[in-house]
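Biologist: Let us go through the labels on this model. I want the reasoning behind each.

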Amino acid sequence: MSAHDDVSGHGHNDGHEQQVPHSTLRGYATGFALAVILTAIPFYLVMGKVFSNSGTAGLVVLGLAAVQIVVHMVYFLHMNTKVEGGWSMLAMLFTTMVVVIMLSGSIWVMYNMNHNMMPSMMGPAMQHDMP
């Protein structure tokens, strides 16, 4: 009998099995249908010029993009709180938080730099618009 034989009749990873989610064709079809719908709606909103304000249209498209990211993570990447004891979801939330902080900070800095730029630095094309 070698050191690797298990006399208890249980496997080597007794109690430590990974709970790998398995999806069915129906799950993938649902994810695909949601992804197509969440792609078609912003396309219609932009091409049909539904919103007169481009800022509003941009926020709606960004919101739908965030929902589509969640759909991809749930239906195709099988991320949930049960896989790997919830650590993969926690890592994803941390990554999302860092990306949001970096992007919002970058946009804030660029906006303030643009807003506080001196008129002499803007060039001749922009100076004639100044009072």
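Modeller: The largest pocket has a volume of about 250 Å³. This is a predicted model; local features need pLDDT of at least 70, side-chain atom pairs pLDDT 80 or more, while totals for chains, interfaces and linings use all residues. Numbering starts from 1 along each chain, and side-chain values use heavy atoms, without hydrogens and water.

Biologist: What makes a residue part of the lining of the largest pocket?

Modeller: An atom within 4 Å of a pocket point. Among those lining the largest pocket are Ala66, Met73, Met89 and Leu103. α3 gives the most, with eight residues.

Biologist: Why is the largest pocket said to lie between domain 1 and domain 2?

Modeller: Domain 1 (25-78) and domain 2 (81-116) both give residues to the lining, so the pocket lies between them. The domain bounds come from an automatic or database assignment.

Biologist: Now the helices. Why is α1 called roughly antiparallel to α2?

Modeller: The axes of α1 (residues 25-47) and α2 (residues 54-75) cross at roughly 170°. Angles over 145 degrees count as roughly antiparallel, so α1 earns the label against α2.

Biologist: What makes up the contact of α1 with α2, by class?

Modeller: 14 nonpolar, six polar and no charged residues. Contact means heavy atoms within 4.5 Å. Gly27 and Leu34 of α1 take part, as do Val60 and Tyr75 of α2. Gly counts as polar, Leu, Val and Tyr as nonpolar.

Technical notes:
Axes are lines fitted to C-alpha atoms, for helices over the stretch in contact, and angles run from 0 to 180 degrees between N-to-C directions. Helices (H or I, at least four residues) and strands (E, at least two) are DSSP runs, numbered from the N terminus. Angles under 35 degrees count as roughly parallel, over 145 as roughly antiparallel, 65 to 115 as roughly perpendicular and the rest as oblique. On a 1 Å grid over the protein atoms alone, a cavity is a set of points where a 1.4 Å probe fits but cannot get out, and a pocket is an open set with protein on both sides within 12 Å along at least five of seven lines; lining residues have an atom within 4 Å of a point. Grid points are joined across faces, edges and corners, and a volume is the space filled by probe spheres set on the points.
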